[in-house]
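Me: I should like to examine the following structure through a short series of questions. Please reason briefly before giving each result.

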Amino acid sequence: MGWSANAQAHHPNIAAEAVCETESGFVINYIATTWLPGVEPGNGAGNTRIDILIDGVVVDSGSFDYPEYAFSGSVPAPSGAIGGDSLTVMALAVDSWDNGSTGGQSAATTVTLPDEECAPVNGRFTGGGHQIRVDGVRVTRGLTIHCDLLLSNNLEINWQGKKFHMTEHLITAQCSDDPAIVQFPPDAPLDTLVGVGTGRYENQDGYTIEFTLVDAGEPGTMDEMAIKVYETANPANVVLDVPQQRLDGGNLQAHYDQPHK
Ligand SMILES: [Ca+2]
Ligand SMILES: [Ca+2]
């Protein structure tokens, strides 16, 4: 598959390709660049935080390295995507540039997944051990999340007397294995799960949850979690926002999936 690219007069630019990798399923490789490669910092090239989004979901974040003014990476395709699907890959300048320019510019390109079968990472997360706590937020026992959305998924969150219960796990944005994260034990094909679901906040329907689960081994002190809950029809109404950070208590565990009937 060839690279597709989009260039524009204002930074940033983006190029991306979609490939099938045996271990991880469909993968999107991208390279974000800006103009004036080779220009000394401070001479007009500028730098800022760049988010990479696939179909509107932030999948990576970085900034440009001098002198190439580029950064590149590789992320799994959304798990529901199949061969032949087209995905939009965007680079977004989040903050103001350090040369004083206002941020907010973006560039996007479209990649098409190779038209073939490509087995994704599969697996599930559970909450084991003591009750999971992160930044004063408690995740009740019984946490179970599957990459493939099949079988039962359960995620219930309590904080400051408030409660959110996920009723539907909509999207697995990412199920992946980072070589830098030692997830064992138990054996599992993944260490990170990023998902989006809908559910009930204070017994009211109409809320969305975005969550990240990272298993970094036992006893769980290195595990990480992020949780964001907001009103689906009014995303500015955020009722809970815990950025990704280490657990205060409890233990997340990644597993191989159970056999599906
Ligand atoms: Ca790993
Ligand atoms: Ca763990």
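Me: In what order do the four strands of the open sheet lie?

Reply: This is a predicted model. Its open sheet has antiparallel pairing. Strands β5 (57-62) and β8 (106-112) each pair on one side only, and they form the edges. The order is therefore bounded by these two strands, and it reads β5-β4-β7-β8.

Me: Which residue of β7 stands opposite Leu-53?

Reply: Strand β4 covers residues 50-54 and strand β7 covers residues 86-93. The two are joined in the antiparallel sense over five bridges. Opposite Leu-53 in this pairing stands Met-90.

Me: Is Val-89 buried or exposed?

Reply: Val-89 belongs to strand β7. A residue counts as buried when 20 or more other C-beta atoms lie within 10 Å of its own. Val-89 has 26 C-beta neighbours inside 10 Å, so its class is buried.

Me: What is the C-alpha to C-alpha distance between Val-89 and Asp-55?

Reply: Beyond four places in sequence, the contacts of Val-89 include Ile-52 and Ile-54, as well as Ala-108, Thr-109 and Val-111. Asp-55 is 34 residues away from Val-89 in sequence. In space, their C-alpha atoms are separated by 6.6 Å.

Me: Where does the largest nonpolar core lie with respect to domain 1 and domain 2?

Reply: This core has 57 residues, and Val-89 and Leu-193 are among those with the most contacts inside it. Leu-193 also touches Leu-213, another residue of that group. Domain 1 (4-112) and domain 2 (124-255) both contribute residues, so the core lies between them.

Definitions and conventions. Residues are numbered from 1 along each chain as its sequence is written. Chains are lettered from A and ligands numbered from 1 in the order in which they are written. This is a predicted model: local features need pLDDT of at least 70, side-chain atom pairs count only at pLDDT 80 or more; totals for chains, interfaces and linings use all residues. A residue is buried if 20 or more other C-beta atoms lie within 10 Å of its own, exposed if 12 or fewer, and partly exposed in between; C-beta atoms are placed from the backbone. Two residues are in contact if their C-beta atoms, placed from the backbone, lie within 7 Å. A nonpolar core is a set of buried Ala, Val, Leu, Ile, Met, Phe, Trp, Tyr and Cys residues joined through C-beta atoms within 7 Å. Domain bounds come from an automatic or database domain assignment.
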